[in-house]
Amino acid sequence: MSSSTVLRELQRDFEAKSNDLSKLQKDISKNHQVRKKYTIQLGENELVLKELDILNEDANVYKLIGPVLVKQDLAEANANVRKRIEYISAELKRLDGNLQDLEEKQNSKKEAIFKLQERIQSLQAGKAKA
Amino acid sequence: MGESAKKGAGTVTSLAEMFPAEDAQKAVKRVQEKLAEIQNELHRVRGFISDNSNLINLVQKLPEQLHHNIIVPFGKAAFFPGRLIHTNEIMVLLGEGYYAERTSKQTVEILKRRGKVLESQVESLKAIMRDLKAETSFFDSTASEAAEGLLEITEDYVEENSTERESESGPPKEDAPNFSEAEKAKVSVEDEEYARIMSKLDELEKEELEAECGNETVEENEQVAVDDEEYARLMSRLDELEKEELEAEDEKIKDDFNKLPDQKSLDTNLRHSEGYQSRELLEQMKDKKSATEEFLSKCDPQKDLTNQLNCMGLAVQSVPEDEKSHGKSLLHNVIKSSPPEKALMLPEVKENVQPAPLSRSEVPAESSKPGFDAQKAFTGSIIERTHNTHFNSSQESATSSQSPSSQPSKPVSRFKMQRR
């Protein structure tokens, strides 16, 4: 009856691993969403930067902070937007790295699960014969 | 094909096995979902574009009047009448909470730039849609093919298969590549192929010779005219092969040609001949045996024939035959002259096309080697032809010995059948 205990252990292992896998997949999808958001923001900021570059030096620029429009220096606004773009790019890079990591983990998990499945199946087949 | 199948190189799997119909259909569904998504996105962006153009119109019209009477929304449900003043001052949201004070004109410029961005987005979406549509149709066809029970046949490509080669690469293309191969492997499989081709040619030649021999005694000129046409037909086919060769080797041959000492006395009649090599050959013959010249002058009425024939080495064969009828001593002269010519030419051949070891090894084994003339069939160098002449005219049965792989059972050659 040792084979049945082994089988049970394997199945437990299998379940744990599949849980891990689903967690990883969730992380990956979250990562995708965040990335999407950041890419959109990056595009918007780039548009803003373009427009700010086109503006005259004496143009009035305001920033909406909460419910109020605060007047801002054009140069200041420009610098702010640039910083924001830098930050978003760095963030995107970080997310990319994370995603790669997660995908690697996912693949290795998948492989492990596949192997486990095979073992379980072979065990079950052996049991059926015996 | 059949041969490779015999070897067991091929595998046959049904397409349905590799791509089950349901899977393909699932893929189609998935792609179609994506397509619908993209279509929605496209619709959204199109809406933006129309909004944008409406806004541009509005902003352009605003400064036309000092003030506009409007209904101002107040809260969720209330409106009250108001007046829009400062019609040329617009606060434009640039994005990310940044606003800029702009005139109407400047605003229109900003809006137009935004419109351009939207247009580019539409373009990219359309491109994606095209890709997805192609994917859908591919999956669709795969699904239907799988449902129909299409079979996928994979077979290893067998390069050594000479019959396949022949059918795949037509004769005109064959000569150049095969030569390099012939260089690599002395008597390779290709030789057989050449031997077959050459055997056909040999048969044809033999028949030509016989016909000429027989007819010459009766009406030489008429026969020549008939032969002329026949040759022209055959030659035009062979010319195509030859021309490629010639183009490649023209220069080389020219060089060799120039090396020959007696070239300058080249017969003007022979200048018409298209092939350098035949010129060369005839010249050599002339150099060695003035008898040949005599013969050629004798054959003057047939000059055009000779010229046509000259483009192939075949001419040489027919010429000696003519000679034979005229005077056999001449023929013998020519024949006797051929071996020294061969000796003379062989180094040239070496230079031209063949690696030294190959041509050397061929000299002793020439009669026994089936692929000998075949290997050199379209080189554009004369020796083989001279050689052939030697063989064909001196011993006409040599054709069979030359090409053991030929079809001796075949009574009439393909060419001959065409002729008659």
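1. Two strands count as paired if DSSP finds at least two bridges between them, strands (E, at least two residues) and helices (H or I, at least four residues) being DSSP runs numbered from the N terminus. This is a predicted model, in which local features need pLDDT of at least 70 and side-chain atom pairs count only at pLDDT 80 or more, whereas totals for chains, interfaces and linings use all residues. Residues are numbered from 1 along each chain as its sequence is written, chains are lettered from A and ligands numbered from 1 in the order in which they are written, and side-chain values use heavy atoms, with hydrogens and water left out.

2. In chain B, β4(B) and β5(B) run antiparallel and are joined by five bridges, with Leu93(B) standing opposite Tyr99(B) of β5(B). The hairpin that these strands form has two residues between them, and in this hairpin Glu96(B) takes a positive phi near 60°.

3. The largest nonpolar core (buried Ala, Val, Leu, Ile, Met, Phe, Trp, Tyr and Cys residues joined through side-chain atoms within 4.5 Å) has 25 residues, and those with the most contacts inside it are Val48(A), Leu52(A), Leu55(A), Val61(A), Val81(A), Leu94(B) and Tyr98(B). At least two residues of this core come from each of α1 (2–54) and α2 (74–129) in chain A, and likewise from each of α3 (21–61), β4 (90–95), β5 (98–102) and α4 (104–148) in chain B. The largest share, seven residues, is supplied by α2(A). A second, separate core holds 13 residues, among them Val28(B), Val31(B), Leu35(B) and Leu125(B).

4. Val61(A) deserves a separate remark. When residues up to four places away in sequence are not counted, Val61(A) touches (heavy atoms within 4.5 Å) Leu52(A), Leu55(A), Val70(A), Lys71(A), Gln72(A), Leu74(A) and Ala77(A) in chain A, and Tyr98(B), Tyr99(B) and Ala100(B) in chain B. Of these partners, Leu52(A), Leu55(A) and Tyr98(B) are, with Val61(A), among the residues with the most contacts inside the largest nonpolar core.

5. Chain B, taken as a whole, contains 18 helices and six strands, and 45% of its 420 residues are buried, where buried means under 20% relative accessible area, exposed over 50% and partly exposed in between (1.4 Å probe, protein chains only). Of the contacts in chain B between residues at least 6 apart in sequence, 70% join residues at least 24 apart.
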